[in-house]
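Work through the exercises below with the sequence and the 3D structure at hand. Each task is followed by a solution in steps.

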Amino acid sequence: MTQPIFRRNGESGRSRDSMPEPMPLSYRGVYHCPVCRYGKISELPMMDAFGCQFCNHIFSADIENNSVKLADSSLPLTWYWNGRRWQGAHRAGVELGWPIWIAAIAIVALPPTVVGLAAYIFPPVPGSSLSWLPQFWTVSAFFAHLTIVIWLLVEYYQFPLLVFVRAWRRRLGRQAS
């Protein structure tokens, strides 16, 4: 894993042992990319924006609020710079409290439970060609609903999963050659 970049153009990097002081967001700075988490973003010449040299994403910058927004995507992904690393900007007024977690558990557990209970109460005819279907349906209902809940969490925390996977595949391709 690469160490974080905390330097301005023209300055040497700091060692990993010494904790760097917080650095405000600046067009002269070089930072880790909040999308691929591998490349470095730096100022694009003659623009009020940053660009990643690895995943080629463009970020519009709001220097006063220490934030960048993904400009080349339809997703409104925003990250705030806390002086040391990027933090995802959560939607205003939306909080993941215990009622949402209970609802997520219910969405994952309730449908497979109903399907499995129905298969237990009304079992298929033993030896029939589709006697495997209730168990398959129960397991597939569980994984389908789990996938939905995980997808919603990824969307809430603004983690661009497909871009991250593509960046890692590209990184592994560079290491292999």
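A residue is called buried under 20% relative accessible area, exposed over 50% and partly exposed in between, with a 1.4 Å probe and protein chains only. The model is predicted, so local features need pLDDT of at least 70 and side-chain atom pairs count only at pLDDT 80 or more, while totals for chains, interfaces and linings use all residues. Residues are numbered from 1 along each chain as its sequence is written, and side-chain values use heavy atoms, with hydrogens and water left out.

**Exercise 1. Phe142**

Assign Phe142 to an accessibility class and describe its surroundings.

Solution. Step one: the relative accessible area of Phe142 is 33%, so the residue is partly exposed. Step two: Phe142 is found in helix H2; helices are DSSP runs of H or I with at least four residues, strands are runs of E with at least two, and both are numbered from the N terminus. Step three: apart from neighbours within four places in sequence, Phe142 is in contact with Val108 and Pro112, where contact means heavy atoms within 4.5 Å. Step four: Ala109 is 33 residues from Phe142 along the chain, and their C-alpha atoms are separated by 6.8 Å.

**Exercise 2. Helix H2**

Compare the span of H2 with the span expected at 1.5 Å a residue, and list its buried residues.

Solution. Step one: the expected span is 1.5 Å times one less than the number of residues. Step two: for the 24 residues of H2 this gives 34 Å, and the end C-alpha atoms are 34 Å apart, so the two agree. Step three: Pro134, Thr138, Ala141, Val149, Val154 and Tyr156 are the buried residues of H2.

**Exercise 3. Aromatic pairs**

How many aromatic pairs does the structure hold, and how are the rings of Tyr27 and Phe50 arranged?

Solution. Step one: rings of Phe, Tyr and Trp (its six-membered ring) pair if their centres lie within 6.5 Å; planes under 30 degrees apart count as stacked, over 60 as edge-to-face and the rest as tilted. Step two: by this rule the structure holds 8 aromatic pairs. Step three: Tyr27 and Phe50 are stacked, at 5.5 Å centre to centre and 25° between the planes. Step four: this pair links distant parts of the chain, 23 residues apart, with Tyr27 in the loop between strand E1 (7-8) and strand E2 (29-32) and Phe50 in strand E4 (residues 49-52). Step five: Phe50 has a relative accessible area of 0% and is therefore buried. Step six: Phe142 and Phe143 are edge-to-face, because their ring centres are 5.2 Å apart and their planes stand at 75°. Phe143, at 48% relative accessibility, counts as partly exposed. Step seven: ring pairs also join Tyr27, Tyr31, Phe50, Trp81 and Trp86 into a cluster.

**Exercise 4. A nonpolar patch**

Which residues form the nonpolar patch on the surface, and where does Leu130 lie?

Solution. Step one: patches are made of residues with over 30% relative accessible area and no salt bridge, with like charges joined within 9 Å and nonpolar side chains (Val, Leu, Ile, Met, Phe, Trp, Tyr) within 5 Å. A salt bridge is a side-chain nitrogen of Lys or Arg within 4 Å of a carboxyl oxygen of Asp or Glu. Step two: the patch consists of Leu130, Trp132, Leu133, Phe136 and Trp137, with about 560 Å² of accessible area together; areas come from the Shrake-Rupley method with a 1.4 Å probe, and for residues only the protein chains shown count as cover. Step three: Leu130 lies in the loop between helix H1 (98-121) and helix H2 (133-156). Its relative accessibility is 48%, so Leu130 counts as partly exposed.

**Exercise 5. Positive phi**

Describe the phi values and settings of Asn56 and Asn66.

Solution. Step one: Asn56 is not a glycine, yet has a positive phi of about 60°. Asn56 lies in the loop between E4 and strand E5 (58-62) and, with a relative accessible area of 52%, is exposed. Step two: Asn66 has a positive phi near 55°. Asn66 lies in the loop between E5 and E6 and counts as partly exposed at 23% relative accessibility.

**Exercise 6. The whole chain**

What is the order of elements along the chain?

Solution. Step one: the chain has 3 helices and 8 strands. Step two: from the N terminus on, they run β-β-β-β-β-β-β-β-α-α-α. Step three: buried residues make up 29% of the 177 residues.
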